[in-house]
Amino acid sequence: MNNIAQDTRFTALMAALQDRRDDLITLTQELIRIPTLNPPGDNYLEICEFLERRLKASGFETQMIRAYGTPGDTDAYPRWNVVARREGTRPGDCVHFTSHIDVVEVGAGWTFDPFGGELVDGKIYGRGACDMKGGLAASIIAAEAFLATYPEFNGAIEISGTADEESGGYGGVAYLAEKGFFSPQKVQHVIIPEPLQKDRVCLGHRGGWWAEIETFGEIAHGSMPFLGDCAVRHMGAVLNTFERHLFPAMAARRTDMPVVPEGARSSTMNINSVHGGQIEQLKGSTALPSPCVPDSCRIVIDRRYLVEEDIDNVRGEIIGLLDDLKEERPKFDYAVKELNHIIPSMTDKEAPIVRTVAQAISDVMGKEAEYVASPGSYDQKHIDRIGKLKNCIAYGPGLLELAHKPDEYVGVDDMMDSAAVMARSLAALLLPQD
């Protein structure tokens, strides 16, 4: 922490944070060691109960909320969320920290135990360390240090642990927003501790359109493919058209949003998966495939679009290319199924939470905050669209580039600095002004 943080008003608060450094490390490790993999949605109840115990011990009132009927919610894998609230002694604004509890699959290439939470050279390793259990832990420590230093404050503090952000957030923040938890009458300031780096204020994110495209053919014997119609070849034509026309067009578009990294300031599309022909044999099977012409091929696309683009044009551009192929290519036919749509979100730089956190970054780190936007979406979309709450940012420790990678980690010093920024932001928003 920069010495600039140690001014008279906040000396006690910074000392309270320093006293909790070991607790921050332990808390982060304990969260990582609960493997909340999504899919399928493992151990959501366990981690929510862990958070409930922790926050009740700090004087918060808690609610456990299951998102019944949301995507993925079953009795085997219930979508649990926890929301905790600590009331102040006087009326005022509510500041809400919301963090997702789920993590993505482990993947290959790890040299650390993905759920070990090992501390090595000031870094805590594990799946979710960066995205975003380190940020969740930092927000809890920040709130606890603030409460210990200033037991009498205005308004309220809320902390939530929410489900399923990695698969859209519909069983988490979206559900809570629909139930009124992010109503501007209830909550006035929201910080999402996503890993955008400790000196950055993230104002929003690009939009996203997910869709499945299917091409059709006719099954026949593989030795006589001319008697059938190969759906995979038709999909090859689709991919070729995208390569020749769509990808160059997207690369030429640029946004005025401060999206990081630089490559994400253009429109992008990922081919998320390809499925064609026979189902793959189970791992370990020695069976040979049968000779059949595939009559179906499907791809899933993940199209990220800019705030300057219109969703109807995003859809229409792809449909137009497919229609052109239908005119040109014999027997070509297709179907498109929309899977998900995420609107772009952008908070104004002059919004109260932006100015408050930016000033806290300057005070703690002795440098001006950088304003950025995220290449991928996060739960701000639901707070904006469903909750109708615009005063929301992402701010948290960790390097965005480490998210979903092997040997994911979060730095302890970065978490401490971020916790200091969060705690000072609470003080600026909830304490009487001199």
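Which residues are buried in α8? To find out, select helix α8, residues 352-365, and keep in mind that this is a predicted model, in which local features need pLDDT of at least 70, side-chain atom pairs count only at pLDDT 80 or more, and totals for chains, interfaces and linings use all residues. Residues are numbered from 1 along each chain as its sequence is written, and side-chain values use heavy atoms, with hydrogens and water left out.

**Helix α8**

The buried residues of α8 are Ile 353, Val 354, Thr 356, Val 357, Ala 358, Ala 360, Ile 361, Ser 362, Asp 363, Val 364 and Met 365, where buried means under 20% relative accessible area, exposed means over 50% and partly exposed lies in between, with a 1.4 Å probe and protein chains only. Because 11 of its 14 residues are buried, α8 is largely enclosed by the rest of the structure. Helices (H or I, at least four residues) and strands (E, at least two) are DSSP runs, numbered from the N terminus.

Now display what surrounds this helix: the buried residues of α8 pack against β7, β8, β14 (370-374), β15 (392-394) and α10 (412-430). From its first C-alpha to its last, α8 reaches 20 Å, close to the 20 Å expected at 1.5 Å a residue, the expected span being 1.5 Å times one less than the number of residues. Following α8 is Gly 366, whose phi is positive, near 65°.

**Helix α6 and Arg 329**

Next, select α6, residues 231-251, whose 21 residues should span 30 Å at 1.5 Å a residue, and whose end C-alpha atoms are 28 Å apart, which agrees. At Glu 243 this helix bends by about 40°, the bend being the angle between axes fitted to the seven residues ending there and the seven starting there. Ala 231, His 234, Met 235, Ala 237, Val 238, Thr 241, Phe 242, Leu 246 and Met 250 are the buried residues of α6, and they pack against β9 (207-216), β10 (268-276), β11 (296-305) and α7 (311-328). An α-helix has 3.6 residues a turn, so residues three or four places apart point the same way.

From here, move to Arg 329, in the loop between α7 and β12 (334-342), which is partly exposed with a relative accessible area of 25%. Measuring C-alpha to C-alpha in the viewer, you should find Arg 329 and Ala 237 8.8 Å apart in space, although they are 92 residues apart in sequence. Leaving aside neighbours within four places in sequence, Arg 329 is in contact (heavy atoms within 4.5 Å) with Arg 233, His 234 and Ala 237.

**Helix α4 and its two partners**

Select helix α4, residues 129-149, together with helix α2, residues 21-32, whose axes come within 9 Å and cross at roughly 140°. That angle makes α2 oblique to α4, since angles under 35 degrees count as roughly parallel, over 145 as roughly antiparallel, 65 to 115 as roughly perpendicular and the rest as oblique. Axes here are lines fitted to C-alpha atoms, for helices over the stretch in contact, and angles run from 0 to 180 degrees between N-to-C directions. Among the residues of α2 that meet α4 are Leu 24, Leu 27 and Leu 31, while the α4 side includes Ala 137, Ile 140 and Ile 141.

Then add helix α1, residues 11-19, which packs with α4 at an angle of about 130°, the axes being 9 Å apart; this makes α1 oblique to α4 as well. Here Ala 12, Leu 13, Ala 16 and Leu 17 in α1 meet Ile 141, Ala 142, Ala 145, Phe 146 and Thr 149 in α4. While α4 is selected, look at Met 132, which lies in this helix, and at the peptide bond from Asp 131 to Met 132, which is cis with omega near -5°.

**The loop after α2, and strand β4**

Follow the chain into the loop between α2 and α3 (44-57), where Pro 39 lies, joined to Asn 38 by a cis peptide bond with omega of about -5°. In the loop between α2 and α3 you can also pick out Asn 43, a residue other than glycine with a positive phi, near 60°, and one that counts as partly exposed at 30% relative accessibility.

Finish at Leu 119, in strand β4 (residues 119-120), which counts as partly exposed at 42% relative accessibility. Its C-alpha atom is separated by 8.2 Å from that of Ile 25, 94 residues apart along the chain. Besides Ile 25, and leaving aside neighbours within four places in sequence, Leu 119 is in contact with Gln 29, Ile 124 and Val 412.
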